Amino acid sequence: MLSIDVLIGEFDRALRAVAGVAEAARRSPAEGVAEADLAAGEREHAAALMRVNHVGEVCAQALYQGQALTARDAEARRALEQASREEQDHLAWSAERIRELGGRPSLLNPVWYAGSLAIGAVAGALGDRWNLAFLAETERQVEEHLTGHLETLPAADRRTRAVVEAMRADEARHRESAIQLGAAELPEGAKRAMRLASKVMTTVAYRV
Ligand SMILES: [Fe+2]
Ligand SMILES: [Fe+2]
């Protein structure tokens, strides 16, 4: 049974995720990297991509939260919590970079958060193997996504690139750890549905 302390802690984290005031445990990979002199259009594009990534991290918070709460296996739960702490760093790093670029986080963050929490709870309810399967596939799609961003981000914007590259390396580890913990392989239909959902999210979040 969940204790009230746990629920309050989780609720606090939810509010932080949505409000974009998460604190990073690790320093931002952008630290010490010089700011580039970007044209206005480049700056806007980079800020919009970071807004998309930030939404992704808000969703990651909700997914991991939903899943860590429902995971049955202690080892799986520990791995989920560790990954979730790293996702918190991503959340803080991307929020900081949006600010530096003069952009703003998505206005729809509460909606993204609520939707992902529901999905995470459903995945969690299906049992550890499917929970982890969903997680591994999510991380794989995020990785692909970040690779796409590295192709379109301004070449000179090394600060943003440093953040995206570090996030991508973490997501790859999260995917591997989910597989090691015994993730099943999702059916093709489920992967396609996830791709579609992420397409909607990224298209909307680029603008709003
Ligand atoms: Fe992340
Ligand atoms: Fe991740």
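**View 1. Arg195 reaches across to Glu144 in a salt bridge, with the closest N and O atoms 3.1 Å apart.** Arg195 sits in helix α7 (residues 188–207) and Glu144 in helix α5, so this pair ties together parts that are 51 residues apart in sequence. Here a salt bridge means a side-chain nitrogen of Lys or Arg within 4 Å of a carboxyl oxygen of Asp or Glu. Helices are DSSP runs (H or I, at least four residues; strands are E, at least two), numbered from the N terminus. Both ends of the bridge get some solvent: Arg195 is partly exposed at 35% relative accessibility, and Glu144 is partly exposed at 37%. For the accessibility labels, buried is under 20% relative accessible area, exposed is over 50% and partly exposed is in between (1.4 Å probe, protein chains only). Bear in mind that the model is predicted, so local features need pLDDT of at least 70 and side-chain atom pairs pLDDT 80 or more, while totals for chains, interfaces and linings use all residues. Residues are numbered from 1 along each chain as written, chains are lettered from A and ligands numbered from 1 in written order, and side-chain values use heavy atoms, leaving out hydrogens and water.

**View 2. Staying in helix α5, Arg140 pairs with Glu137.** The salt bridge has its closest N and O atoms 3.0 Å apart. What separates the two along the helix? They are three residues apart in α5 (residues 128–152), which puts about one helical turn between them. The partners differ in burial: Glu137 is buried at 5% relative accessible area, whereas Arg140 is partly exposed at 29%.

**View 3. Glu185 and Lys191 make another salt bridge, and here the closest N and O atoms are 2.5 Å apart.** Is Lys191 buried or exposed? With 9% relative accessibility, Lys191 counts as buried, while Glu185, at 60%, counts as exposed. Elsewhere, bridges with shared partners string Arg26, Glu86, Asp89, Asp170 and Arg173 into one network. A search of the whole structure turns up 16 salt bridges.

**View 4. The iron ion (ligand 2) is held by Glu87, Glu139, Glu171 and His174.** Glu139 gives two OE donors, Glu87 and Glu171 give one OE each, and His174 uses ND1, all at 1.8 to 2.3 Å. A donor is an N, O or S atom within 2.8 Å of the metal (3.2 Å for Na, K and Ca); water is not among the atoms, so sites may look incomplete. Along the sequence, the donor residues are spaced E-x51-E-x31-E-x2-H. Glu139 belongs to helix α5 and His174 to helix α6 (residues 158–180), so the pair ties together parts 35 residues apart in sequence. Glu139 and His174 are both buried.

**View 5. Next door is the iron ion (ligand 1), 4.0 Å from the iron ion (ligand 2), with Glu87 coordinating both.** Which protein atoms bind the iron ion (ligand 1)? Its donors are two OE atoms of Glu57, an OE each from Glu87 and Glu171, and ND1 of His90, lying 2.0 to 2.4 Å away. They follow the spacing E-x29-E-x2-H-x80-E along the chain. Glu87 and His90 share helix α3 (residues 74–100), where they sit three residues apart, about one turn of the helix. Both are tucked out of solvent: Glu87 is buried at 1% relative accessibility, and His90 is buried at 0%.

**View 6. Arg129 lies over the face of Trp130.** The distance to the ring centre is 6.0 Å. A charge counts as over a ring if NZ of Lys or CZ of Arg is within 6 Å of the ring centre and within 35 degrees of the ring normal.

**View 7. Zooming out, the protein has seven helices and zero strands.** In sequence order, the pattern reads α-α-α-α-α-α-α. The radius of gyration is 16 Å, close to the 17 Å from the globule rule for 208 residues, so the protein is as compact as a globular protein of that length. That radius is taken over C-alpha atoms, and the rule is 2.2 Å times the number of residues to the power 0.38. The C-alpha atoms fill a box of roughly 50 × 40 × 30 Å along the principal axes. Of the 208 residues, 47% count as buried. Among contacts (heavy atoms within 4.5 Å) between residues at least 6 apart in sequence, 87% join residues at least 24 apart.
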